[in-house]
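Please look through the structure below with its aromatic side chains in mind, and follow how the rings are placed with respect to one another and to charged groups.

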Amino acid sequence: MSYGAIAFNIIVGFLYTPWMIKQIGKSDYGLYILVTAFISYFAMDFGLGQTIARFLSKYKANNEPEKINQMLGLTSKFYLLINGLVLIALIVVYFFIENIFVELSPFEIEKFKIVYLIAGGFSLISFPFLPLDGVLIAYERFVLLKLCDIISKVGIVILMIIALLLGYKLYALVAINAVIGIVIICIKFIYLSKRTDIKIDFKFKSKELLKDLIKFSFWVSVIGIAQRLLINIAPFILGIVSGTEQIAIFSIGIIIEGYTWTLAHALNGLFLQRVAQLDMQKNNLHEVTNLMIRVGRIQLMLMGLLFIGLIVFGQEFIILWMGLGFSESYNVILFLILPGLITLSQEIAYTYLFVINELKYRAIIFVGASVLSVIISFLLAPHLGALGCAIGIFSATMMCHVIGMNFIYWKKIKLEIPRFFKECYSSLIIPFVLTLLFGFLLNYLQPDKDLLYFSCKVALLSLFYIISVWLIGLHADEKELFKSMLLKLANRLKRK
């Protein structure tokens, strides 16, 4: 279900995004990206969503429904308090927009303000409902989450196509996203009201529990802010020093990086309960490492083809997809995604940090990476534009997230990181390199940028990758796993 939703989102995104940008224009699309990135700093849940999922998972495992209702009552009141502070912050910022984005023209500033009001209003409405996903994860309602994702994407695309064909542009894009967002919130809220025994206890008060929640969510919040400073602040920096066209070029890199992140994270939410159970067992670090290797290899195999394809055919793909005006996005994409070959295969380790309440290490690393990225980006972006921000993000991610976090996992948390790299990567390196070389050979033999030839090259590369991974990369138990999955799928299709 997860990978089906992702596949749908990617296909629709690739078909819809270039058409939408042509309809509203490169400058307006840059404004849209700038506003959404800017608003995201005010609309974050300050770590409470993940905190709620963690606490609810524990209460569910211990069969304590009363504590679930009490905690949700406490956090609901806390969210309303934060929402009031966010409202004040949004109002204050509105009056300083001209002073912040000095590279925007007066006409762009006027558009920015209108979009800001629409997006900011939706953020205030949706903010108190941010914990809904955490509750659904804790109750393992994964199908609903994915269905809501599909409904959201389908609704936005259909309504946007209708609006653009009728002549509406930037404002419709923002308004439709807001309306669909509210509909999805209603679906989740009604589902939880009807299908679970949750009865929020608004009368409950507990300074001790509130202190625990704030203490735990503090580090999650620091991570959330730092994550936004790492990538989402790039449009903000470009809005100050480069302008909307460079924002649009960078946004294509964000889209592709987002797809790789989503693909890698499709499985991770499913393992919170499993990792929590492993934490209670003897020899748990060894078992967590085993799970990390098993899930990491699946993620690496799935991502490997995407990464290799982007390295080999990325330039050609961008030109065919978005046009020559976005060819600069290729280098941005490479700098944004390459560290993910390591970081995205280690999400089980992050889940374990979450379970054992040791997020401070990741928070400190994230802050370091974000500060370093912002410094490098501000130095390079005035001269290199979007590429300067991408280089800043790449440098910070490699130094902090790849080297720094693996040191933490190994030396502080005591996970078996050398074994992880040996067992996760060793058998896959050869098929990866062979596929990469095969891709370069295809480009050499057929360099023309034509959709038909491009499709044939992608198909040949994919086939070569699957065969080489199957023959060289997969372990015997992994082959059996994939065989059993294919057999089950075939049996289901026969029954239908």
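Aromatic rings and their neighbours

In this predicted model, F317 and W321 lie four residues apart in helix α13, which spans residues 284–322, and they are therefore separated by about one helical turn. A search of the whole structure finds 14 aromatic pairs, and F317 with W321 is one of them, a stacked pair whose ring centres are 5.3 Å apart and whose planes meet at 25°. The angle of 25° counts as stacked because planes under 30 degrees apart are placed in that class. As for their surroundings, F317 is buried, with a relative accessible area of 17%, and W321 is buried as well, at 9% relative accessibility.

The rings of F420 and F421 give an edge-to-face pair, since their centres are 5.4 Å apart and their planes stand at 75°, where an angle over 60 degrees is what the class requires. Within this pair, F420 is buried, with a relative accessible area of 0%, whereas F421, at 27% relative accessibility, counts as partly exposed.

Ring pairs can also join into a group, and here they link Y94, F95, F112 and Y116 into a cluster.

Two tyrosine rings, finally, can be examined together with a charged side chain. The ring of Y361 has the charged end of K360 sitting over it, at 5.5 Å from the ring centre, while the ring of Y350 has the charged end of R362 over it, at 4.1 Å from the ring centre.

Definitions and conventions
Residues are numbered from 1 along each chain as its sequence is written. This is a predicted model: local features need pLDDT of at least 70, side-chain atom pairs count only at pLDDT 80 or more; totals for chains, interfaces and linings use all residues. Side-chain values use heavy atoms; hydrogens and water are left out. Rings of Phe, Tyr and Trp (its six-membered ring) pair if their centres lie within 6.5 Å; planes under 30 degrees apart count as stacked, over 60 as edge-to-face and the rest as tilted. Helices (H or I, at least four residues) and strands (E, at least two) are DSSP runs, numbered from the N terminus. Buried means under 20% relative accessible area, exposed over 50%, partly exposed in between (1.4 Å probe, protein chains only). A charge sits over a ring if NZ of Lys or CZ of Arg is within 6 Å of the ring centre and within 35 degrees of the ring normal.
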